[in-house]
Structures are given as structure tokens and as C-alpha cells.
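Work through the exercises below with the model open. Try each task before reading its solution.

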Amino acid sequence: MRNLERWTFSILKWGLVFGALGLLSALAALLLPMKVIGEGIKQGFLPGVSFLLVGLGIVSIAQYLYMRRHRNTAAQIALRERDERINSIRFRAGYRAFQLSSSLGFAVLIWSALAGSVGLPTFSHEGLWFAFLAVVCLSYIVYVAGIVHAETHG
Amino acid sequence: MKNRLEKFRTDKGWTQQQLSELVGVSRQTIISLEHGRYNPSILLAFRLARQFDVTIEELFIYRMEEDEDA
């Protein structure tokens, strides 16, 4: 039970850390002058990071509040979090996703660096962004598919 | 690797859920173990053996010919 308390408290702790960092990032975006940090960082990067961190913070705090109310569900989730078979499945799926993302990321980098000099079609700026987006999405798909496959057949 | 987990568990009159809570794993892991689809870590093997008051060798049956890497 103490482990469960510690685990649920750690969710709250990370929620507060993410939320605080998100608010700091939002404050920085509001207060730092554009001349110092540049338009891209002030209007693109910092607000994006703020949304992500504040979102993660809200989700974690909501998760904590739910687990405080539903102790049995929290115990089941905590058990699954430290279950060795599930962790082994996640590890294998993560390793496959890492192999795919590193291989595809490397291929896109090499292509974008060398395609012009060997007469192959080159990526536009936007095309390169979509290529890396595809790498990220494919990695997620491989990770989730690996877990689902192992859970249903393993 | 084969095991006698289901036999020992039913002899004790425990459900899969009860055994999973005793050794700190999910019920799905107990199911996978009983069907021989998952080989446990040495720590989990010790925890299971301790629950039934038997040795690991009594609970899990290791055959070298089944181990392709041996």
C-alpha cells in the first residue's frame, strides 16, 4: 500500500513539475522581447512547449485525482506498471520502434544531404518536415502494434 | 519451459487473481506462465516457488533439448 501511495504521489509530483515548467515557458514567451530571442522562438517554439508541458501537467494531475478516488483501479494500474512481462513486452516493442526510427531518420538525413549531388529528387523544406513526421508516426505505430501483438499472441 | 504452476495453484485453491496479487504481477502474466508462453525472471520464479513452499526445480521443468541456445 505504501508503494501505491508513493507511486500515485509521484504522478502528482511530475504533474506539478510539468505544469510549472509549462507556465514558466509561457511567461518567457510573454515577457522576453522579440529582439532578444527571435520571432520563431517567441511565437512558435515557446508557446508550443508551453502547451505540451501544461497539457502533460493537467493530464498527470487529473490521473492523480482519479487514482485517489478509485484505489482498486490505481492498484491494478500500479501492478501493471511494474509487471515484468508487460515491461518486457514494452521493452521489445520500444526496441523495434527505436530501430525503425533510427534507420529511417538516418536514411532521410543521408537522402537530404546527398540527393542533390547524385541527381535524385531533393526534399523541399516542407517535404523534409513531413518526412520526419512520417518517421515519428511510423515509430509510434510500430511501438503500439508491437505491444498489441505481444499482448494478444504472447 | 514447462511448469506445474496451475497444478500447485489449484491444489492451494487459489484463483489466478489471488496468486497474481501474492507475487505482485498481473493476472495476464499468471495466465501466460501457466500456458508456457512466458518464462519468468529468476526473482519471480523464486517468489512463486516460495508461495508454494517448493523449490524452483519442482515448479519449473527445464529440458536442455528445448533450449535452442544451449
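## Exercises on a predicted model

Both B:Trp14 and B:Phe52 are buried. The model is predicted.

**Exercise 1.** Classify the ring pair of B:Trp14 and B:Phe52, and place both residues in the fold of chain B.

*Solution.*
- Take the geometry. The ring centres of B:Trp14 and B:Phe52 are 5.6 Å apart and the planes stand at 35°.
- Apply the cut-offs. Stacked needs under 30 degrees and edge-to-face over 60, so the pair is tilted.
- Locate the residues. B:Trp14 sits in the loop between α1 (5–12) and α2 of chain B, and B:Phe52 in helix α4 (residues 42–52). The pair therefore ties together parts 38 residues apart in sequence.
- Widen the view. B:Phe8 joins B:Trp14 and B:Phe52 in one aromatic cluster.

**Exercise 2.** Describe the interface of chain B and chain A by area, residues and polar pairing.

*Solution.*
- Start with area. The two chains bury about 920 Å² between them, 44% of it on carbon and sulfur atoms.
- Find the main contributors in chain B. B:Gly24, B:Ser26 and B:Tyr38 lose the most area to chain A, together 40% of what that side buries.
- Count residues. Chain B gives 13 residues to the contact and chain A gives ten.
- Check the pairing. There are five residue pairs in polar contact, both at pLDDT 80 or more. The rule finds zero salt bridges across this interface.
- Assign elements. On the chain B side, α2 (16–23) and α3 (27–34) give two or more residues. The largest share, three residues, comes from α3(B).
- Sort by type. That side of chain B divides into four nonpolar, seven polar and two charged residues.

Notes
Residues numbered from 1 in each chain as written. Chains lettered and ligands numbered in written order. Predicted model: local features only at pLDDT ≥ 70, side-chain atom pairs only at ≥ 80, totals over all residues. Heavy atoms only, no water. Contact = heavy atoms within 4.5 Å. Buried area = accessible area lost by both parts, 1.4 Å probe. Salt bridge = Lys/Arg side-chain N within 4 Å of Asp/Glu carboxyl O. Polar contact = N/O pair within 3.5 Å; in protein donor to acceptor, adjacent residues only side chain to side chain. Helix = DSSP H or I, 4+ residues; strand = E, 2+ residues; numbered from the N terminus. Nonpolar A, V, L, I, M, F, W, Y, C, P; charged D, E, K, R; others polar. Phe/Tyr/Trp six-rings, centres within 6.5 Å; stacked < 30°, edge-to-face > 60°. Buried < 20%, exposed > 50% of the residue type's maximum accessible area, 1.4 Å probe, protein only.
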